[in-house]
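Grab a pencil and work through these exercises with the model open beside you. Each task comes with a solution that goes step by step.

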Amino acid sequence: NHAVKHSYNRRVVKRYTGQRYCVATPMSRTRFAFALLFSFQMGIFIALWITKFLTGWSWHHLRFRIALLIAAYRARDSVSGLCLSPDNRSVVSCELAAMTRLIQFRFTKDLKYNTYHRPHSIIEYSRHQMEQLWTVFFPSTNPPISVTKDTIENYDCVWIVNRQYSPMGPTTAALNPSQLHQLKLNLPKTGVIVAIHGGALCMGSATHLVPYLTLLSAYISNVLGHEQIAPPILAFDYRLAPECAYPCQLIDVSFMVNKYLHQTLAVDMKHIFLIGDSSGASLALLFMQRMANTFNHQPRYNVGGAVLISAGCDWTLNDGKGSWQ
């Protein structure tokens, strides 16, 4: 009776249930909306747990994959179904478009915040973000590609070797010391691809390129077929700024390509190919330019070729009036 008398602002329904009255108030629209939202969130949470359990991904990996799918959906043109670049002028891969948008909206925003509030930690933050970014990519497993870590004159290196036609059968196992030594002895015959990672000369590492390089090695192997063996790929860590300012990075590239591969292992320069992205492509370009100037532009003293991805080719500011310093 007290509930009936004092329920001024809501309807009260009385129904007779046996020996006593039961007072029931209909659920308000606000409570219904909250209940529906809670049920929806719980459904999403349970689905994420099931996905995490089945795939074995970390929470960061799962969150980034979802953000990548959303960004790819937003990047896709509703009419043509193709993914366009941010300026809507060229067709790109959906994954590349999604990555571009994620970097623009998430990484750039956090970078600006850290630049303003914590400028002393901007390098550490950038390196951490790049480390997290590359964890979402998986290396190729078909055909079997082995990833072997190595140390060359205090440089941390990674060898990417296609072992589909290995004498021991297809395997993804890393090379043992004797196999790695034999691989280096055969480089003058097989040739070698040197991968130079990007990262604005201050972040990144050779391990970040492993998923991409395994795909590259698999593609080369499919193109060559059984007739030829795909050349091994060597990626290495050069010294980073600001701990070691430029031209330390160019010196490291010159050591690895010219001194170690060409002079120590006797690999002909025409059998050495470079591939680099961003600042890594710039370093490859600068190395070739240095070799051309040193040997009077004689082609036999330079590398056989290079793939430059998003290389910085013009480092002047304001039509040459400014300076990067």
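**Exercise 1.** Leaving aside its neighbours within four places in sequence, which residues is Ala311 in contact with?

*Solution.* A quick note before we start: this is a predicted model, where local features need pLDDT of at least 70, side-chain atom pairs count only at pLDDT 80 or more, and totals for chains, interfaces and linings use all residues. Residues are numbered from 1 along each chain as its sequence is written, and side-chain values use heavy atoms, with hydrogens and water left out.
- Find Ala311 in the segment after strand S10 (305-309); helices (H or I, at least four residues) and strands (E, at least two) are DSSP runs, numbered from the N terminus.
- Look for contacts, meaning heavy atoms within 4.5 Å. Beyond those neighbours, Ala311 touches Ser278, Ala281 and Ser282.
- Now check Ser279: its C-alpha lies 6.4 Å from that of Ala311, though the two are 32 residues apart in sequence.

**Exercise 2.** Work out which strands S7 pairs with, and in what sense.

*Solution.* Strands pair if DSSP finds at least two bridges between them.
- Start with S9 (residues 272-277): 5 bridges join S9 to S7, and the two run parallel. Ile196 has Gly276 as its bridge partner there.
- Move on to S8 (residues 233-236), which pairs with S7 over 3 bridges, again in the parallel sense. Here Val194 stands opposite Leu234.
- Then look at cover. Buried means under 20% relative accessible area, exposed over 50%, and partly exposed in between (1.4 Å probe, protein chains only). In S7 (residues 192-196), 5 of 5 residues are buried.
- In a regular strand the side chains alternate between the two faces of the sheet. For S7, Val192, Val194 and Ile196 sit on one side and Ile193 and Ala195 on the other, and both faces are covered.

**Exercise 3.** Find the salt bridges and say how covered their residues are.

*Solution.* The rule asks for a side-chain nitrogen of Lys or Arg within 4 Å of a carboxyl oxygen of Asp or Glu.
- The count comes to 2.
- Take Asp150 and Lys184, whose closest N and O atoms are 2.9 Å apart. The pair links distant parts of the chain, with Asp150 in strand S5 (residues 145-152) and Lys184 in helix H6 (residues 177-185), 34 residues apart.
- Asp150 has 13% relative accessibility, so it counts as buried. Lys184 is buried as well, at 15%.
- Next, Asp252 bridges to Arg239, with closest N and O atoms 2.8 Å apart. Asp252 belongs to helix H9 (residues 248-264) and Arg239 to the loop between S8 and H9, 13 residues apart.
- Asp252 is buried, with a relative accessible area of 0%, whereas Arg239 is partly exposed at 36%.

**Exercise 4.** Which cysteines form a disulfide, and what is its handedness?

*Solution.* You need a pair of cysteine sulfur atoms within 2.5 Å.
- Cys244 and Cys248 fit, with their sulfur atoms 2.0 Å apart, and the count comes to 1 disulfide.
- The torsion about their S-S bond is about -65°, so the disulfide is left-handed.
- Both Cys244 and Cys248 are buried.
- Cys157, at 2% relative accessibility, is also buried. Cys202 counts as buried too, at 13%.
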